Amino acid sequence: MGNTVVTFDRYLLYQELADALHAFKEKYPDLVTLVSVGKSYEGRDIWAVTITNPRTGLPLEKPGMYVDGNIHAGEVTGSMAALHLIDYLLTRYGTDGIVTKLVDSRTFYILPRINPDGAELYLTSPTHLRSSVRPFPDFRKQEDPPGLHAEDFDGNGLILSMRIRDDARGAWKADPEDARLMTERSPLDTAGPFYHIYTEGVLKDAKGEWVEEVLPPFAHVATKYGLDLNRNFPSGFSTQTTGAGPYPLSEPETRCQVEFISQRPNIAGVLLYHTTGGMLFRPHSTIPDKDFAEEDIALYAAIGKLGENATGYPVISCYGDSSSGVLDDWCFDQLGLLAFTPELWDAVGRAAPEMKADYLKSPEKVDRRKLELKLLQWNDRELTGDAFVPWQKVAHPQFGTVEVGGWKSKEYRQNPPRHLLRAECHRMTAFAISYALALPEVHIDEVVVKPLGEHLYSVHAVVSNHGFLSTNITKQAIKHQAVRPDLVRLELPKGTELVNCEHQYEIGHLEGYAAGQKAWLYYVFPPQKGTVRVKWNVRAKNNAAAEELAVCLVSQRGGTKRVTAAIGERGTSYAAPLPDESIGSTAVDTF
Ligand SMILES: [Zn+2]
């Protein structure tokens, strides 16, 4: 393995991924905690990596950045991008100023593979898969309907397309411009050859036996792995949504995610890695932007801009997608977190960048033929033709001679080819790093203890948020009581007492500097409520001089800070050190 734990030039299997995580833990024992947060349907561990410097505070007492990947079986780039973030943080800690600052001041929670069963089946067989491997609906456990079942019958390790010539009834023809592309037959096309197109497969009856009756057309049988884990979350859940499952959080994988997030109230940022499409989805599936708090939309735009800059992928609201039950909706609805669902890898953008914008707006309106021709040209131009398997005559066990061909879609359409994997992961890490930098970050800027005579002292503390985001993150978080107010507490040594004041003050939520960027009429600026001054009076009963008191600032999402000061007859003061200038300002190397 040498010095490198992961090389990012292929997709790791379950055991390889688990080994890599253990290797990271072994190599960076001070920074990494590795736990299994639960078992998948088939009993595989769902691993969670926590990265933070424990010498600068407890994990729960720092703002948390949550990242997971690969909830959809075939979206294995998500796992690799999550691993890339782990690798980036660990290998650069101590030499890269930004990374060092982040690992010291934040806690990263990274779950690279939410759906290990599905990903394993996807990576070790020709099967295409979105689901976990629990059959759904339940009746599919017992029986499969008769029809055409996807199967790699020619044994080349791929499930491609299969075309069967039928000049009388065939609906498809070879495209005149590129014969590899199958195009719709027009009523003006009277002379064949014409074809039926199917997924590569075999005909089976209800008992799973091959059938003899082979007259087309055949009904294609949907996979028995019919769950969609990212429709199984409580927000907007409906059993009418395809694959949603029998009830919210019915699956062990989704329950793990929601429990993990719920048990870590310090989580302040969320990224959920998917493929494919080259865009950054954000909530909400069922609520239009006009019904969001205006401030929350502005924050989504601001963090989204960081994502657009880092990845080159546009932010898109999933409103109108109609199917909810997705995790980013739940994170926003219940917790008021600015969750994003990046759809990594962008074959369309690579092959036909001029068509990308229209494609994102309404894929159904894009000229499919033109786009597929462009994709084939891209395959020839940049992929040495490897991504498309030309149509080849093959003897089918039931149909006689058929032709099999098509895209190697797993590694070219759904996920990047191996030589582009690292770069794809890197751009996502750039977003994660800049998002983590934007999290709230509370500080005790100043503590002053002044003697007032008669063993009486005044204690002043100035606390503030140095982060971009406010400690509540969003209005939604306050509305749903997901975040408690920040508080400042005075801890006194024995022999001292408070005079006419409380130990602890709730100070609301400290605003971040994003709140100071809402210029009114271009020249009037709103006040930024990011700094609070707190005062106590303390009486030392006996001679408590030289004893220490402590000021504590507790912010659920902004961190916990504690500063001690001596109670001295001459007074003492503490001032926070200025930020380290050596950190620099460029977060992530760009390619
Ligand atoms: Zn997905």
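Trainee: Is Leu249 buried, partly exposed or exposed?
Mentor: This is a predicted model. Leu249 sits in the loop between strand 10 (201–204) and helix 5 (252–262). A buried residue needs 20 or more other C-beta atoms within 10 Å, and an exposed one has 12 or fewer. Leu249 has 18 C-beta neighbours inside 10 Å, so Leu249 is partly exposed.

Trainee: What is phi of Leu249?
Mentor: Most residues other than glycine have a negative phi. Leu249 is not glycine, yet its phi is positive. The value for Leu249 is near 60 degrees.

Trainee: Is Asn500 buried or exposed?
Mentor: Asn500 lies in the loop between strand 20 (496–498) and strand 21 (504–508). Its phi is positive too, near 50 degrees. The cut-off for an exposed residue is 12 or fewer C-beta neighbours. Asn500 has 6 other C-beta atoms within 10 Å, so Asn500 is exposed.

Trainee: Why does Thr33 count as partly exposed?
Mentor: Thr33 belongs to strand 1 (residues 32–39). Partly exposed is the class between 12 and 20 neighbours. Thr33 falls there because the number of other C-beta atoms within 10 Å is 15.

Trainee: What is the omega of the cis peptide bond from Thr275 to Thr276?
Mentor: Most peptide bonds are trans. The bond from Thr275 to Thr276 is cis. Thr276 lies in the loop between strand 11 (267–275) and strand 12 (279–282). Omega of this bond is near 10 degrees.

Trainee: Which residue does a cis peptide bond join to Pro283?
Mentor: Omega of this bond is about 25 degrees. The partner lies in the loop between strand 12 and helix 6 (294–311). That residue is His284.

Trainee: At what angle do the axes of helix 2 and helix 12 cross?
Mentor: Helix 2 covers residues 77–92 and helix 12 covers residues 418–438. Their axes come within 8 Å. The crossing is right-handed. The angle is roughly 65 degrees.

Trainee: How many residues of the contact of helix 2 with helix 12 are charged?
Mentor: Helix 2 brings residues including Met80, Leu85 and Tyr88, and helix 12 brings residues including Glu424, Met428 and Ala432. Eight residues of the contact are nonpolar and four are polar. The charged count is one.

Trainee: Which helix gives the largest share of the largest nonpolar core?
Mentor: This core has 111 residues. Ile51, Val67, Ile86, Ile110 and Ala432 touch the most other members. The largest share is 11 residues, and it comes from helix 12.

Trainee: How many residues does the second, separate core have?
Mentor: Its members include Val449, Ala461, Val463 and Leu492. The count is 20.

Trainee: Which residues does Ile51 contact, leaving aside neighbours within four places in sequence?
Mentor: Ile51 is among the core residues that touch the most other members. Its contacts are Leu31, Val32, Ile86, Leu89, Leu90, Val103, Phe108 and Ile110.

Trainee: Over which residues is the pLDDT below 50?
Mentor: The chain averages a pLDDT of 93, and 95% of the residues score at least 70. Among the elements, strand 25 (residues 572–575) has the lowest mean, 82. The stretch below 50 has nine contacts beyond near neighbours in sequence. It spans residues 586–591.

How values were computed
Residues are numbered from 1 along each chain as its sequence is written. This is a predicted model: local features need pLDDT of at least 70, side-chain atom pairs count only at pLDDT 80 or more; totals for chains, interfaces and linings use all residues. Axes are lines fitted to C-alpha atoms, for helices over the stretch in contact, and angles run from 0 to 180 degrees between N-to-C directions. Helices (H or I, at least four residues) and strands (E, at least two) are DSSP runs, numbered from the N terminus. A crossing is left-handed if the near helix is turned anticlockwise from the far one by less than a right angle, and right-handed if clockwise. Two residues are in contact if their C-beta atoms, placed from the backbone, lie within 7 Å. Ala, Val, Leu, Ile, Met, Phe, Trp, Tyr, Cys and Pro count as nonpolar, Asp, Glu, Lys and Arg as charged, and the others, Gly among them, as polar. A nonpolar core is a set of buried Ala, Val, Leu, Ile, Met, Phe, Trp, Tyr and Cys residues joined through C-beta atoms within 7 Å. pLDDT is the predictor's confidence in each residue, from 0 to 100.
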